[in-house]
Amino acid sequence: MRLTHFGHSCVLVELNGSTILFDPGNFSHGFEGITGLDAILVTHQHPDHVDQQRLPALVEANPGAALYSDPQTAAQLGGAWTGVHAGDEFEIGDVHVTGTGGAHAVIHPDIPVIDNTAFLLGDATNPARLMHPGDSLFVPEQKVDVLALPAAAPWLKISEAIDYLRAVAPRVAVPIHQAIIANEATGIFYGRYTDMAPEGTEFRTMPSESSVEVA
């Protein structure tokens, strides 16, 4: 598996010969001009996860890409977008995809909760080789190998993120959803996650537009 981070929640995953892009939002940069995608997956409708200004050009540049999102976003985008509910399963090449979760984390009781589909990418040996939770702290029943860990958000306390990391207990955790943190402050968050991760979890950081190999 090879992961490339384009900032915030936008992650390019290369796995089993397929190339899959998650959450090309308006806080992310560098995904423009990517071609050869097999799929684009969007977890939910917030603009920091789906930039509807830049999305059409990305889709046009990748005519062979399958398009999947949570049900509400699929209804908004229309066209070839397919809504994925919790429990839905499908294939992207040799990658098995499972939709799970279903709801965005609560921002405030007065703000309606929207759809949020967390995605598991896997294969015959492990259905959860990678999990992208979007804006949720959903803990799946499957054993997750690599977790894209939300690092900071209006709906998130660092104690909640640490508890989530411990609950999922992945082999490797990589931080995402960090665009609201100043570069000078990322160490405050990443240092805590590194020090307080469950035993056996390796924490890897990915500067924007950098890649990391995950064996």
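Which residue takes a positive phi just after H3? That's Ala 169, with a phi of about 50°. Keep in mind that this is a predicted model. Below is a quick tour of two helices, the empty spaces, and a few residues worth a look.

**Helix H3**

- H3 covers residues 158–168, and its buried residues are Ala 161, Ile 162, Tyr 164, Leu 165 and Val 168. They sit on the same side of H3, because the arc they cover around the axis is only 160°.
- As a reminder, an α-helix has 3.6 residues a turn, so residues three or four places apart point the same way.
- What do the buried residues of H3 pack against? Their partners are three strands, S10 (130–132), S11 (146–150) and S12 (172–176), plus helix H4 (186–196).

**Helix H4**

- Here the buried residues are Thr 186, Tyr 190 and Tyr 193. Their arc around the axis is only 60°, which puts them on the same side of H4.
- Flip to the other side of H4 and you'll find Ile 188 and Asp 195 exposed.
- The cover over the buried residues of H4 includes S11, H3, S12 and S13. So H3 and H4 turn up in each other's packing, because H4 is among the elements that the buried residues of H3 pack against, and H3 is among those covering the buried residues of H4, with contact meaning heavy atoms within 4.5 Å.
- Thr 186 belongs to H4 and has a relative accessible area of 18%. It counts as buried because the cut-off is under 20%.
- The side chain of Thr 186 also reaches the backbone oxygen of Asn 183, at 3.1 Å.

**The largest pocket**

- The largest pocket holds about 170 Å³ of space.
- Thr 186 and Tyr 190, two of the buried residues of H4, are both in the pocket lining. Asn 183, whose backbone oxygen the Thr 186 side chain reaches, lines the pocket too.
- The rest of the lining is made up of His 5, Pro 175, Gln 178, Ala 179, Ile 181, Thr 205, Met 206, Pro 207 and Ser 208.
- How do the lining residues divide by class? There are six nonpolar, six polar and no charged residues.

**The cavity**

- Searching the whole structure turns up one cavity of 30 Å³ or more, and the largest cavity has a volume of about 30 Å³.
- Its lining consists of Leu 3, Val 11, Val 13, Phe 22, Leu 130, His 132, Ala 148 and Val 174. Strand S2 (11–15) and S10 are the elements that give two or more residues to that lining.
- By class, the cavity lining has seven nonpolar residues, one polar and no charged ones.

**Val 11, on the cavity wall**

- Val 11 is in strand S2 and lines the largest cavity. Is Val 11 buried or exposed? At 4% relative accessibility, Val 11 is buried.
- Beyond its neighbours within four places in sequence, Val 11 contacts Leu 3, Thr 4, His 5, Ile 20, Leu 21, Phe 22 and Ile 176. Two of those partners, Leu 3 and Phe 22, are also in the cavity lining.
- From Val 11 to Asp 135 the C-alpha to C-alpha separation is 14 Å, with their places 124 residues apart in sequence.

**Val 146, in strand S11**

- Val 146 lies in S11 and is buried, with a relative accessible area of 0%.
- Residues that Val 146 touches, setting aside those up to four places away in sequence, are Met 1, Leu 3, Arg 129, Leu 130, Met 131, Arg 171, Val 172 and Val 214.
- Val 146 and Val 168 are 22 residues apart in sequence, and their C-alpha atoms are 9.7 Å apart in space. Val 168 is one of the buried residues of H3.

**Arg 204, a buried arginine in a loop**

- You'll find Arg 204 in the loop between strands S13 (202–203) and S14 (210–213). At 18% relative accessibility, it counts as buried.
- What does the Arg 204 side chain join in a polar contact of 2.8 Å? The partner is the side chain of Glu 202.
- A polar atom of the Arg 204 side chain also lies 2.5 Å from the backbone oxygen of Glu 213.
- Not counting residues up to four places away in sequence, Arg 204 touches Val 172, Ala 173, Val 174, Pro 175, Val 212, Glu 213 and Val 214.

Note on methods
Residues are numbered from 1 along each chain as its sequence is written. This is a predicted model: local features need pLDDT of at least 70, side-chain atom pairs count only at pLDDT 80 or more; totals for chains, interfaces and linings use all residues. Side-chain values use heavy atoms; hydrogens and water are left out. Helices (H or I, at least four residues) and strands (E, at least two) are DSSP runs, numbered from the N terminus. Buried means under 20% relative accessible area, exposed over 50%, partly exposed in between (1.4 Å probe, protein chains only). A polar contact is a pair of N or O atoms within 3.5 Å; within protein, one must be able to donate a hydrogen and the other to accept it, and residues adjacent in sequence count only if both atoms are side-chain atoms. The arc is that of the directions from the helix axis to the C-beta atoms. On a 1 Å grid over the protein atoms alone, a cavity is a set of points where a 1.4 Å probe fits but cannot get out, and a pocket is an open set with protein on both sides within 12 Å along at least five of seven lines; lining residues have an atom within 4 Å of a point. Grid points are joined across faces, edges and corners, and a volume is the space filled by probe spheres set on the points. Ala, Val, Leu, Ile, Met, Phe, Trp, Tyr, Cys and Pro count as nonpolar, Asp, Glu, Lys and Arg as charged, and the others, Gly among them, as polar.
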